[in-house]
2 protein chains.
Amino acid sequence: MGKRLLVVGGDTAGMSATVQARRLMPDLEIVVVERGRWTSYSACGIPYLASGAVRTPEDLVVRTPEDFRTIRVDVRTGHEVTGIDLAARRAEVHNLTHGRSFVLGFDLLLLATGARPVRPGVAGSDLEHVHGVRTLDDAARLLDDAKERRPEKVAVVGSSHSGLELAESFHSRGAAVRVLEPGPEILPGFGADVAARVARAMRNAGITVETGVTVDAIHDTTMDTSAGDVPADLVILAAGVEPNSELGAAAGVRTGTAGAIEVDRRQRTSAEGVWAAGDCCTAVHRVSGASVHQPLGPVAAKQGRVAGVNVGGGYAAFPGVLGTAAARVCGVEFGRTGLSAAEAEASGFSALGTTVESAGAESYLSESRPTMVELVAERGTGRLLGVQSVGGPGSAKRVDVVAAALVGGLTLDDLIGLDLAYAPPVSTVWDPLQAAARALASQL
Amino acid sequence: MGKRLLVVGGDTAGMSATVQARRLMPDLEIVVVERGRWTSYSACGIPYLASGAVRTPEDLVVRTPEDFRTIRVDVRTGHEVTGIDLAARRAEVHNLTHGRSFVLGFDLLLLATGARPVRPGVAGSDLEHVHGVRTLDDAARLLDDAKERRPEKVAVVGSSHSGLELAESFHSRGAAVRVLEPGPEILPGFGADVAARVARAMRNAGITVETGVTVDAIHDTTMDTSAGDVPADLVILAAGVEPNSELGAAAGVRTGTAGAIEVDRRQRTSAEGVWAAGDCCTAVHRVSGASVHQPLGPVAAKQGRVAGVNVGGGYAAFPGVLGTAAARVCGVEFGRTGLSAAEAEASGFSALGTTVESAGAESYLSESRPTMVELVAERGTGRLLGVQSVGGPGSAKRVDVVAAALVGGLTLDDLIGLDLAYAPPVSTVWDPLQAAARALASQL
């Protein structure tokens, strides 16, 4: 008898792992248990589904259960793993359609249980018109609800980048959208410069953006907030996510940062023969060295691939994350990688950051849009520590140069001397990153 | 008495140097002698001037002679240095307006004489309607000539990226444009994949693109070519440039690769107290280690800055080039950095390249355009050696990640694990570079 791998969770991390494990171990029996209806989809595409730019949930699916069956993977959608006995190598599986449970044995286990939106602990946060949107099933529920309610007033509580994308989606459908962020700036995790630029673009588009507003209670068509009554016939929760690590933790798997499942470089958990990948687990930040929780699609894809190779008896290592994130909201692109100046100081670096506004393309071209770059480097060594960028086309992906530079240990001088691509419609002779590097070097 | 710096050539390299030298040596007397009418301009913007997207030559000027006078730099436009006596520290300067020459003494000398289009050695290549376009004065002559002739049939001989940009400019003005490239593919220096994609876009736009066609003679309204008679009432030379190094060479300064002036890391020439920067001089290729001639704006800006710091008594080093180039033609962006597989092999590497076509943005979005990435790495080590990219928005600047990776010595595995920015409108979960890296890694 061959061994059986049980994969809990059928989205990016779980399915990336599954493909690798199958490739390396043709005889491995693989069972994937997925709570929802879909596998291997682009959750980041949900705002485009909500806006109507993408027509159906199926359009966001990369590989269906049927696709996986062709590589002999037994995918059970509509099933939930409710308990795991690691010593006995048995899982309790609940069939959500028929309401019945059964026991499934396994030899190897991969936890890819993802994350869920944080629910505010206030009255009414479990009402039907209050949506946390993470999975494609969440999105389907949101769309069904929106179709029925035809909401005229939509409130987004919190201001994660996916929340802002959803704000734009509902605005584009004609709703009056109001973003309520409890903190002093929108987009926690991004700096004040990025936040201000994005907030301005959203307001110019006609979206109400308010900061320093907390929600105290949610009712059917209104919310009690620190800024008074706010009418809302649809509410979207956008205050970040937390890992679905309870299943693993209850089985005895160690959790750490933000409650996520702890993993090593090979995505191994504290339990023998148990791996974890994606939004449910931790990662090492390559600049700070700290354990972090960075629940984003590209991390899930990479960790899943690494886990799958190791499950399959190969060797692969996940080198860690850089805190990279990006989005486009109301025509403004923004991105970050590495550490902000404050994060660098908190990590023990003596760091300095500076912000420089440049033309993203030669300013003599009408298509040129201002780009703002905030660059952070270590005092003394000039080592690059991080960057944030916001502006017109190219601003999000511009941080990728610094991502490579961080891994290569490059300094400000290295960046200033770097032979970067130039053409009038896509850059300036000194790339905006280099303009920021020159300004920062002169300050250091 | 203070010392006098003579700068020969008033565009990017010369003026970048001038700014640094002035900053570091407030008492230095600085004289800039420039043959043309303008200083410190974006030559790369000339195609946009030719198309009408930029209205006047002045719009391409970053700093005027008057701007330089405010920092006490004596700029003599319309003057040409015709001879240099290094031993006597004297230059012969010709006033092009008045036709008179005079002698100018100097202590320090910076050669920033640029480059000129290669003229084919065929009959008629010096006719008035045959234009090599490098300087802003060249561009002004071209525009005046085009205004007078109102050319209906424009021939571009050769297919450098700036030549193709000019082809697009004249096409957008309503001329019938024909590109004639003697080699098997357009865009020498780029690979076959890039060439094919760009040629297709140009043809789709209505521009005739022919390869394997040599020009034997140029007449007033026609050309004799290997493909028969080609009507052309305006001809643009686009077969590359050669350095203006004769002035330096005649003075005894050593020249090397492609006839360009040899410089060291500090932009010092073989002659004491003589620096060179920009299109007239050589550079070291950071991957191959070879001396190369890369006459592009960003290199001129960086070399000029380095030369100016050193002229001013400071220390700066130019680390070398990566062979980076980029452009956008008929809506297609393309870029390159590092070595192609053939170049790598010629440089002594055992190298392998692979080409992968991906979606430049998530394919469920209508704005997604295919992006093709050709990645090259060293066998055995997996060290990245170069990349070419072609496709929709973001394709040109995408090579910048690899530029940083080349300097950092990153491998294919490093690239696969890199935490790059992701959002559905600007990338795929595995960035196209990473898709190529995964394909290449599996081949190595």
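Between chain B and chain A there are 4 salt bridges, a salt bridge being a side-chain nitrogen of Lys or Arg within 4 Å of a carboxyl oxygen of Asp or Glu. One of the pairs across the two chains is Arg328(A) with Glu367(B), whose closest N and O atoms lie 2.8 Å apart. Please keep in mind that this is a predicted model, in which local features need pLDDT of at least 70, side-chain atom pairs count only at pLDDT 80 or more, and totals for chains, interfaces and linings use all residues. Residues are numbered from 1 along each chain as its sequence is written, chains are lettered from A and ligands numbered from 1 in the order in which they are written, and side-chain values use heavy atoms, with hydrogens and water left out.

## The interface

Polar contacts add to the picture: 24 residue pairs, both at pLDDT 80 or more, are in polar contact between chain B and chain A. Such a contact is a pair of N or O atoms within 3.5 Å; within protein, one must be able to donate a hydrogen and the other to accept it, and residues adjacent in sequence count only if both atoms are side-chain atoms.

Which elements give two or more residues to the side of chain B that touches chain A? They are helix 8 (297–311), strand 21 (325–329), strand 22 (332–338), helix 10 (399–408) and helix 12 (432–443) of chain B. Helices (H or I, at least four residues) and strands (E, at least two) are DSSP runs numbered from the N terminus. Helix 10 of chain B brings the largest share, 8 residues. By class, this side of chain B has 34 nonpolar, 13 polar and 14 charged residues. Here Ala, Val, Leu, Ile, Met, Phe, Trp, Tyr, Cys and Pro count as nonpolar, Asp, Glu, Lys and Arg as charged, and the others, Gly among them, as polar.

In terms of contact (heavy atoms within 4.5 Å), 61 residues of chain B meet 61 residues of chain A. The two chains bury about 4,700 Å² between them, 65% of it on carbon and sulfur atoms. In chain B, Tyr364(B), Lys397(B) and Asp419(B) lose the most area to chain A, together 16% of what that side buries. Buried area is the accessible area (1.4 Å probe) that two parts lose on being put together, summed over both.

## Symmetry

A turn of 180 degrees and a shift of 0.0 Å along the axis lay chain B on chain A with an RMSD of 0.0 Å. The two copies are thus related as by a two-fold rotation axis. The superposition is by least squares on the C-alpha atoms of residues with pLDDT of at least 70 in both. Since 100% of the interface residues of chain B are also interface residues in chain A, the copies meet through the same surface.

## Some individual residues

For the table, buried means under 20% relative accessible area, exposed over 50% and partly exposed in between (1.4 Å probe, protein chains only).

| Residue | Relative accessible area | Class |
|---|---|---|
| Ser340(A) | 19% | buried |
| Gln434(B) | 0% | buried |
| Cys330(A) | 18% | buried |
| Arg150(B) | 66% | exposed |

Gln434(B) sits in helix 12 of chain B. Leaving aside neighbours within four places in sequence, Gln434(B) is in contact with Lys302(A), Leu415(B), Ile416(B), Leu418(B), Leu420(B) and Val429(B).

Ser340(A) belongs to the loop between strand 22 and helix 9 (341–346) of chain A. Not counting residues up to four places away in sequence, Ser340(A) touches Val376(A) and Gln388(A).

Cys330(A), in the loop between strand 21 and strand 22 of chain A, has a positive phi of about 50 degrees although it is not a glycine. Arg150(B), in the loop between helix 4 (136–149) and strand 10 (153–157) of chain B, is not a glycine but has a positive phi of about 45 degrees.
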